[in-house]
Amino acid sequence: MKMKAGDVMDKKVTMEQIAEAANVSKGLVSRALTDRYGVSSEMRSLIKMKAVELGYDFERIKTKSKKRMSCCLLMSSRVLTRESYWQPIIRSMEEALSFEGIDTDYFIYDETDFSEEDSRRLKSNDAGAYVIMHKNFPFLMRELEKKHKPTVVIDPQFHMAAKFLQIRASNYESSFEAAQYLIENGLRRLVYYGACAFSQSYRERYEGARDCVQEYAQLGATLESVDIDNSDYAFGAPEQLTAVIGDGHVDAVLCCNDLFAISALKTIKELGLNVPEDISLVGFDNTIESSIVSPEITTVDIPREAMGKEAARFVVDTAATGKANYTSLVLNCTLVKRRSVKTIPQNEEAR
């Protein structure tokens, strides 16, 4: 005789019974039915369907107000000034965490004045995981280390110990590729424009361009660096760039990010020169700004949405298993070719 759902419900179907029917653990059933972390969408659907088949009373879950896990996002107020860069990372991370039943809280602070109150707030924060956007200051990392919680640093500004996951872009390799693209187009006299030592990513980008030029030195490739202090977030130094490119002996400017590239574009135009006819231009980051100027700027696309998803995946997996399977993740970038780079015909180059 076939049992009706109502008959089973009267006997109060338990999570143990659902676990046995689905051939999974009771803990996994609990996380699936309460929409918590650590359960794939396929497994969550399977368990809920099995619960429906058995006649589980879902109202029993609603009466229990269990606290959801939260992930704390630490971000400097100065980092917020580059919202167009960070917003895709944050959005994709929040969506992935929310899908797993994990809330996102924000810890915004002033990096120039981290107060005693900020310190107390951080010490008392009881989030289940932490994600740091760029500014991995040593004092922050020391405090987070004490918490023994899953911790991710996205695009770390400073070198860091392997105790936390760091998610980075292929800065060195992609800058090497961008410089190679210029050189193979016959553009041999290059200028690197940016804050070479401001952060780990900027340093890697400079080193990639430098090493590429050294590899092509036999073809006459040269690189001059306009290295500025970017601690005030100026993203440009027109007078310094003018002093280098004003004599007309520069083929291309390779920039550490798109904001520097836009500043360079303005400086080049103010000198009465054209991009790319007189000087070619390459940026980095593929932010919206690079595509709304004229000409649109060739740049390197960073997979920012993937960065956010990988951060969320690490938080979910580590919270569920208690194990961190890796400490460093480098995501490949893509060179986006636009109209700011001039291609010199081979017959013209041979003259």
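Here are short exercises on one predicted model, each with a worked solution.

Residues are numbered from 1 along each chain as its sequence is written, and side-chain values use heavy atoms, with hydrogens and water left out. In this predicted model, local features need pLDDT of at least 70 and side-chain atom pairs count only at pLDDT 80 or more, while totals for chains, interfaces and linings use all residues.

**Exercise 1. The cavity**

Task: find the volume of the largest cavity and describe its lining.

Solution.
- Start with the term. On a 1 Å grid over the protein atoms alone, a cavity is a set of points where a 1.4 Å probe fits but cannot get out, and lining residues have an atom within 4 Å of a point.
- Count next. There is one cavity of 30 Å³ or more.
- Take the volume, the space filled by probe spheres set on the points. For the largest cavity it is about 150 Å³.
- List the lining. It has 15 residues, and Arg82, Trp86, His134, Asp155 and Tyr202 lie nearest the cavity centre.
- Sort them by class. Seven are nonpolar, three polar and five charged.
- Look for helices (DSSP runs of H or I, at least four residues). Both α6 (83-99) and α10 (200-215) supply at least two lining residues. α10 gives the most, with three.

**Exercise 2. The pocket**

Task: describe the second largest pocket in the same steps.

Solution.
- A pocket is an open set of points with protein on both sides within 12 Å along at least five of seven lines.
- The volume of the second largest pocket is about 200 Å³.
- Its lining holds 15 residues, with Lys149, Pro150, Thr151, Lys163 and Phe164 nearest the centre.
- Eight of the lining residues are nonpolar, four polar and three charged.
- Helices α8 (138-147) and α13 (304-321) each supply at least two of them.

**Exercise 3. Salt bridges**

Task: state where the partners of three salt bridges lie, and whether each partner is buried or exposed.

Solution.
- A salt bridge is a side-chain nitrogen of Lys or Arg within 4 Å of a carboxyl oxygen of Asp or Glu. The count is 14.
- Buried means under 20% relative accessible area, exposed over 50%, partly exposed in between (1.4 Å probe, protein chains only).
- First pair: Glu305 and Arg91 meet at 4.0 Å, N to O. Glu305 is in helix α13 and Arg91 in helix α6, 214 residues apart, so the pair links distant parts of the chain. Glu305 is partly exposed at 36%, and Arg91 is partly exposed at 33%.
- Second pair: Glu143 and Lys146 have their closest N and O atoms 3.8 Å apart. Both lie in helix α8, three residues apart, about one turn of the helix. Glu143 is buried at 13%; Lys146 is exposed at 58%.
- Third pair: Asp251 and Arg189 meet at 2.8 Å, N to O. Asp251 sits in the loop between α11 (238-245) and β8 (252-255), and Arg189 in strand β6 (residues 189-194), 62 residues away. A strand is a DSSP run of E, at least two residues. Asp251 is buried at 14%, whereas Arg189 is partly exposed at 36%.
- Last step: look for shared partners. Salt bridges of this kind join Arg78, Glu111 and Lys135 into one network.

Conventions: Nonpolar A, V, L, I, M, F, W, Y, C, P; charged D, E, K, R; others polar.
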